[in-house]
Amino acid sequence: MSDDDRQPPSSARSRFASLRAAGVRLARRAARSATLRIVAFALGVRIFTAFMAFIVNVVFPLAQKQQFTVLDRTHLLWDTFARYDSGWYFGVARYGYEFVEGGRSNLAFFPVYPLLMRYVGLALGGGRQNLYLAGVIISWVAYVLAMVMLYRLGRTYLSRAAAERAVIFASVFPFAFFYGVVYSEAVFLLFTVTAFYGFRTKRWWLGAVAGALACATRVNGVMALPALALLAWQSAGKDPAARKRAIAAVAFVPVGLVLYSVYVDTLSGSYLEWSYSIQRWNYGIAGSPLKGFSFVITQLATRPYEYMTTDPLAPYDVLHGATAIAFILSLPLVGRRIGAAFVVHMALNLWLPLSSGVFEGVGRYCAVLFPFFFVVATIRPVTLRTGLLVASAALYMLCLALWVNLHPIF
């Protein structure tokens with residue numbers, strides 16, 4: 001009989017507890033190390049992107065006249081952070097919401113991001129420049145936190161290396177530059193990923209609050225509700241108490257949309273005026289999601305050169321359409337590798353913009369569909385995965401340059 005076999009049971013239990021505690025400490029140390037790497041990487045991406053955007057703005061002429069500037073005059077660095085819808089967010093942050101009957105109203109822009117801009121901007125001293133600076137700070141911080149949460153959610157499904165690769169793919173996705181500008185993408189991604197993480201790990205009220213904030217950040221936040229409900233049910237298992245908590249948490253998710261709708265009603269007399277305002281930007285949900293694909297594919301098949309060189313929207317529609325096709329094709333892999341709840345989430349959030357019949361903004365909407373990045377992070381062989389990463393990074397720089405120079409890639 002060995003010495004270990006002759007040890008009293010209490011001694012063996014003590015030794016096991018010590019080993020377990022050591023393992024926990026090592027795991028926590030590894031998690032902290034991974035978090036620090038992700039934070040450093042994310043900040044590096046944002047700084048490099050800002051530098052490249054500045055170079056682009058210095059070297060290349062604008063495709064059209066600027067609608068607004070960040071400062072009182074044109075600034076080749078600061079203006080790269082604010083284009084197109086940035087002006088609408090600034091308007092809400094500075095002047096509040098205004099109902100325009102029968103016209104395009106800023107009620108189409110949900111409140112969490114512009115309200116954060118308002119209060120962070122006031123903390124910085126107020127004024128035009130500080131409001132825009134607040135928008136940049138919020139986006140950068142939200143992006144860094146979103147990458148940390150993306151890694152943590154990924155670790156519940158993937159290896160450490162694959163979860164870190166998912167962060168890299170998310171950061172160099174062709175339309176990921178929106179994470180660092182005065183747009184709501186980074187904030188929305190943070191709340192959405194956190195909501196899924198909460199329900200995945202049975203942190204019910206973390207998921208509930210994050211889901212409610214996502215619903216008050218973007219109109220498509222509520223489209224995550226069916227997927228969150230399915231994930232919560234799966235996570236709760238057969239435990240009756242856990243199921244009750246899961247149901248209560250899921251029921252809380254739409255509160256963000258409900259509260260905003262109540263506020264909108266006080267301004268316009270209609271709870272759904274935010275929806276009508278969105279439709280006046282030619283976004284509808286009654287059409288076929290195949291309409292846009294049908295037109296672009298027909299043009300490319302019958303008159304590719306003429307289409308690409310004469311239709312002013314052709315290059316941008318091709319970029320958006322190709323992105324949507326890649327995400328649609330990934331759905332079976334998403335289902336096999338991380339589960340049906342994420343397929344539901346992606347499918348609904350693809351259907352919503354595509355049903356408008358136009359591709360405007362589709363790439364930006366895909367940028368927050370994070371399950372795609374889990375899938376591409378696990379693609380084999382390595383040479384194929386590396387090739388996709390290089391191609392994505394190249395397209396990232398192209399799309400960034402187009403946006404900075406005011407091409408219609410919003």
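# A walk around the helices

Let me start in the middle of the fold: Leu225, Leu228, Ala229, Ala232, Trp233 and Ala236 in H9 meet Ala242, Arg243, Ala246, Ile247 and Val250 in H10. Meeting, or contact, means heavy atoms within 4.5 Å. The H labels are helices, that is DSSP runs of H or I with at least four residues (strands are runs of E with at least two), numbered from the N terminus.

Before going on, a word on what we are looking at. This is a predicted model, where local features need pLDDT of at least 70 and side-chain atom pairs count only at pLDDT 80 or more, while totals for chains, interfaces and linings use all residues. Residues are numbered from 1 along each chain as its sequence is written, and side-chain values use heavy atoms, with hydrogens and water left out.

How confident is the predictor? pLDDT is its confidence in each residue, from 0 to 100. The chain has a mean pLDDT of 92, and 93% of its residues reach 70 or more. Among the elements, helix H7 (residues 185-200) has the highest mean, 98, and helix H1 (residues 3-6) the lowest, 50. Where pLDDT is low, the predicted coordinates should not be read in detail.

Back to our pair. Two packed helices are described by the angle between their axes and the distance between the axes. For helix H9 (residues 225-236) and H10, the axes come within 9 Å and cross at roughly 165°. That makes H9 roughly antiparallel to H10. Here the axes are lines fitted to C-alpha atoms, for helices over the stretch in contact, and angles run from 0 to 180 degrees between N-to-C directions. Under 35 degrees counts as roughly parallel, over 145 as roughly antiparallel, 65 to 115 as roughly perpendicular, and the rest as oblique.

H10 has another partner. Which way does H8 run relative to H10? The axes of helix H8 (residues 204-215) and helix H10 (residues 240-252) come within 8 Å and cross at roughly 15°, so H8 and H10 are roughly parallel to each other. From H8, the contact uses Trp204, Trp205, Ala208, Val209 and Ala212; from H10, it uses Ala242, Arg245, Ala246, Ala248, Ala249 and Phe252.

Next stop, helix H3 (residues 86-95). Ser86, Tyr89, Phe90, Gly91, Val92 and Ala93 are buried there, where buried means under 20% relative accessible area, exposed over 50%, and partly exposed in between, with a 1.4 Å probe and protein chains only. Those buried residues of H3 pack against helix H4 (112-123) and helix H5 (128-155). After H3 comes Gly96, with a positive phi near 85°.

Now for some backbone curiosities. Most residues other than glycine have a negative phi, and most peptide bonds are trans. Tyr84, in the loop between helix H2 (9-59) and H3, has a positive phi near 50°, and Tyr84 is buried at 10% relative accessible area. Leu406, in the segment after H19, also has a positive phi, near 65°; its relative accessible area is 1%, so Leu406 is buried. As for the peptide bonds, a cis one joins Arg380 and Pro381, with omega about 5°. Pro381 sits in the loop between H18 and H19.

Let's look at three buried residues and their company. Leu400 lies in helix H19 (residues 382-404) and counts as buried at 3% relative accessibility. Leaving aside neighbours within four places in sequence, Leu400 is in contact with Thr49, Met52, Ala53 and Phe177. Leu400 and Phe177 are 223 residues apart in sequence, yet their C-alpha atoms are 6.3 Å apart in space.

His345, in helix H16 (residues 340-354), is buried at 2%. Beyond its neighbours within four places in sequence, His345 is in contact with Thr192, Phe196, Ala224, Ala227, Leu369, Phe370 and Pro371.

Val368 lies in the loop between helix H17 (362-366) and helix H18 (371-376). It is buried, at 1%, and touches Tyr179, Glu185, Phe188 and Leu189, not counting residues up to four places away in sequence.

Last of all, the cysteines. How many disulfides does a search of the whole structure find? Zero, with a disulfide taken as a pair of cysteine sulfur atoms within 2.5 Å. Why is Cys366 without one? Its sulfur is 12 Å from the closest cysteine sulfur, in Cys399, and that is too far for a bond. Cys366 is buried at 1% relative accessible area, and Cys399 is buried at 0%.

Terms used: pLDDT is the predictor's confidence in each residue, from 0 to 100.
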